[in-house]
Amino acid sequence: AEVEEILKRIQAHRGVIATMVINAEGIPIRTTLDNSTTVQYAGLLHQLTMKARSTVRDIDPQNDLTFLRIRSKKHEIMIIPGNISIKITIELYVL
Amino acid sequence: MEIVYVYTRKRSEFGRPCSFSDRPAKVNVDIPPDPSMAGSFVLRNPVDSYVQHASDMSEHEVNTERVEVESRGVNHVEGGWPKDINPQEVEQTIRFRKKVEKDENYVNTIVHLGTLMEHCVKQNNAINIYEEYFGEEETAEVEDEPPSAKTINVISKLTSFFDVLLSKRDPNVTKRTATHLSWHPDTCKKLAVAYSSLEFQQNVKDMSFDSYIWDLENPNKPELVLKPSSPLVSLEYNPKDSHVLVGGCYNGQMAYWDTRKGGLPVEVSTVEVSHRDPVYGAIWLQSKTGTECFSASTDGQVLWWDIRKLSEPTESLVLDITRKGLLENALGAVTLEFEPTMPTKFMVGTEQGIVIACNRKAKTPPEKITSTYSGHIGPVYALARNPFYPKIFLTVGDWTARIWSEETKESSIMWTKYHLSYLTDGCWSTVRPAVFFTTRSDGTLDVWDFLFKQNDPSLSLKVCNEPLASLRLQDNGCVVGCGSKLGTVTLLEISSALCTLQRNEKTLVTAMFERETKREKILESRHREMRLKERARSEGQETVVEERLVENPEEVLSRTRREFFEVIEAELQRRTRAETQCLHGKVPGTARTRDRGRDSPPWGGGQGSASAFQVKDHAGDEAAAQGEESQLPKEEEEEEKDVA
């Protein structure tokens with residue numbers, strides 16, 4: 001229930017296109033997009049997040065990845081890695 | 001014992017011519033055998049030895065490792081799901097998801113993550129931290145990169161190795177010129193190149209006749225070898241059917257190929273009805289059947305063909321500008337031009353430097369030739385209409401390139417300066433109306449952009465050391481292929497600044513063309529008036545007619561430029577006056593107009609000085625014949641002032 005509330009709040013913000021929650025294996029638990037797109041995003045971003053995290057850890061073992069933003073011409077993708085799940089938000093570019 | 005023969009001659013007799021004479025043999029030295037040495041003679045064991053007169057050969061074997069290839073399929077499944085759950089089953093996935101969500105840890109994590117995420121999203125919404133400040137200013141500067149071009153591929157006609165394998169000839173194969181290039185109409189990855197030797201009577205016996213179709217992915221080996229009965233001078237892909245090509249041969253025949261059928265021509269025209277000179281231009285026509293083409297050659301004929309029946313041409317035209325249809329008077333055609341949007345009209349560039357515009361659908365043969373444009377001193381090697389402005393066309397010949405408008409027949413509206421080397425080929429850019437390319441016989445490719453700079457090419461590239469013979473732009477406008485005299489085809493990719501349409505380019509170019517055409521028209525009409533005046537005067541009148549034309553604002557501008565040169569002109573006048581004697585005592589009407597504008601307008605300046613190309617002398621014929629005495633030099637200056 002709280003989970004729902006939080007996700008709904010995020011989705012309600014201006015400019016947010018979609019929200020996704022992905023578990024440690026890369027399976028989308030909760031999503032606001034259709035299945036095929038979600039699966040695509042999940043697969044790609046999961047790997048990227050793992051790579052980014054391991055990079056940060058390699059450079060400084062005490063460090064850890066807190067936030068990953070991918071800004072492109074059209075959208076911005078924000079990823080927060082957690083212990084067992086990662087959350088992805090796709091936002092529209094505000095110019 | 002030393003064997004010595006002494007030969008003496010008096011020094012004064014040195015250098016005298018010898019006079020030989022016969023005499024019997026004379027023993028000079030006789031060495032008798034010495035028996036005492038016989039004892040130390042050692043008999044050698046007879047040994048078998050052989051001799052064979054043949055070249056040494058050796059045998060080698062090479063066997064590469066075999067690569068085992070196997071076709072396999074891959075089955076993709078949505079990953080990540082635990083083994084017992086089938087991702088296709090919606091119920092199972094939902095159940096799994098629900099199970100995950102019930103986990104306590106999950107809820108905590110999500111709550112935590114959620115707050116973080118919200119924070120960032122709000123941040124984004126509050127202010128765009130990556131905002132482009134001064135974003136509008138960037139659009140003002142469009143041309144920050146200098147125009148450039150880089151070579152992407154060099155296809156040289158194969159070295160002797162390949163030819164030795166094929167034809168078992170002498171390794172010194174003569175290099176032939178790449179005379180014509182044609183891009184494949186659809187893919188732009190294939191290039192058909194015609195090779196022939198255009199030197200007069202230089203046909204070496206073992207020169208191969210082949211022309212090649214190259215695939216750009218493989219520049220070492222041609223994709224298809226075309227084998228005509230005589231070398232091809234021109235070669236064109238059919239724009240409608242990309243498997244068919246037509247080629248004009250060195251001996252005047254026309255041949256067509258189907259690439260699906262191999263390298264031999266499907267059909268060749270009969271020798272009696274073909275051209276008598278190499279076919280320099282062969283172009284496909286727009287027709288419903290897509291099988292019509294026409295060709296032109298230096299024997300003065302333009303022939304139309306239907307490739308289904310190459311045994312005789314469907315129509316023919318003799319390029320005789322006196323309009324009598326006599327082959328003896330005909331001008332030799334060197335290049336042909338056809339625009340698909342105007343299917344009945346076409347243009348021919350001749351060896352004599354004249355461009356003839358013809359109408360195919362005229363009723364009688366003399367009327368087929370609609371107009372002629374003369375201005376080049378040498379053969380017109382290339383002729384191209386501007387793809388955006390069909391009335392404007394470019395001719396390349398002798399040492400200049402000229403731009404003409406169809407309406408002004410007396411002279412070109414714009415022209416380049418006289419280069420140091422012959423210009424061999426040229427074409428317009430397909431994407432930018434102000435850009436055209438020319439190749440020179442010193443191996444340079446010039447790219448001209450006359451909105452940017454009119455005196456010089458905006459980019460000049462030395463492609464190779466031998467003369468460049470042909471040039472062809474790919475349809476996308478970015479890749480240009482040039483063929484050289486030794487058969488090397490170089491492909492260059494030009495920078496995007498030269499192949500993307502600039503802002504306002506079309507309007508600026510239109511304005512420029514209109515201005516130049518107007519200028520020429522005014523000059524023409526002025527000329528005509530001069531000549532009429534001349535005729536009136538030569539009938540004994542001594543009236544001096546001074547006309548003042550209505551001056552357009554543009555003439556005012558050009559006039560201010562010309563005033564600078566009046567002083568020079570006056571000086572020249574005085575000098576010529578001192579030399580020649582007055583015969584008629586009339587005022588000659590030398591229509592000498594000098595357009596000398598050297599300043600190129602700044603880019604985007606729009607209106608302003610007219611063409612900034614070099615000096616052009618319009619000497620009226622009659623006037624030049626007469627003596628150059630002017631009683632009133634001032635009046636002549638004024639006349640010049642009035643002329644646009």
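Which residue of chain A forms a salt bridge with E118(B)? The legends below, which describe a predicted model, begin with the two chains and the partner of this glutamate.

**Figure 1. Overview of chain A and chain B in the predicted model.** Chain A has 95 residues, of which 41% count as buried. Its secondary structure comprises 2 helices and 5 strands, arranged along the sequence in the pattern α-β-β-α-β-β-β. Chain B has 644 residues, and 45% of them are buried; it contains 9 helices and 28 strands. Among contacts with a separation of 6 or more, residues 24 or more positions apart account for 35% in chain A and for 53% in chain B.

**Figure 2. The interface of chain A and chain B, with the salt bridge of E118(B) and R9(A).** The partner of E118(B) is R9(A), and the closest N and O atoms of this pair lie 2.2 Å apart. The rule finds 1 salt bridge across the interface, along with 2 residue pairs in polar contact, both at pLDDT 80 or more. On the chain A side, at least two residues touching chain B come from each of helix 1 (2-12), strand 1 (16-23), strand 2, helix 2 (35-59), strand 3 (68-71), strand 4 (75-81) and strand 5 (85-92). In total, 33 residues of chain A are in contact with 29 residues of chain B. About 3,000 Å² is buried between the chains, with carbon and sulfur atoms contributing 63% of it.

**Figure 3. Helix 1 of chain B, with its buried residues and its exposed face.** The helix covers residues 90-102; at 1.5 Å a residue, these 13 residues should span 18 Å, and the end C-alpha atoms are 19 Å apart, which agrees. T93(B), F96(B), R97(B) and V100(B) are the buried residues shown here. They lie on the same side of the helix, because they cover an arc of only 100 degrees around the axis. An α-helix has 3.6 residues a turn, so residues three or four places apart point the same way. The face turned away from the buried side carries E91(B), R95(B), K99(B) and K102(B), which are exposed. The buried residues pack against helix 2 (104-126) of chain B and also against strand 2 (28-31) of chain A.

**Figure 4. Surroundings of T19(A) in strand 1 of chain A.** Is T19(A) buried or exposed? With a relative accessibility of 4%, T19(A) falls under the 20% limit and therefore counts as buried. The side chains of T19(A) and Q11(A) are joined by a polar contact of 2.5 Å. Leaving aside residues up to four places away in sequence, T19(A) touches L7(A), I10(A) and Q11(A), then R30(A), T31(A) and T32(A), and finally K87(A), I88(A) and T89(A).

**Figure 5. R515(B) in helix 6 of chain B.** This helix comprises residues 505-538. R515(B) has a relative accessible area of 8% and is therefore buried. Which separation do the C-alpha atoms of R515(B) and I413(B) have? They are separated by 9.2 Å, although the two residues are 102 residues apart along the chain.

Key. Residues numbered from 1 in each chain as written. Chains lettered and ligands numbered in written order. Predicted model: local features only at pLDDT ≥ 70, side-chain atom pairs only at ≥ 80, totals over all residues. Heavy atoms only, no water. Helix = DSSP H or I, 4+ residues; strand = E, 2+ residues; numbered from the N terminus. Expected span 1.5 Å × (residues − 1). Buried < 20%, exposed > 50% of the residue type's maximum accessible area, 1.4 Å probe, protein only. Arc of directions from axis to C-beta. Contact = heavy atoms within 4.5 Å. Buried area = accessible area lost by both parts, 1.4 Å probe. Salt bridge = Lys/Arg side-chain N within 4 Å of Asp/Glu carboxyl O. Polar contact = N/O pair within 3.5 Å; in protein donor to acceptor, adjacent residues only side chain to side chain.
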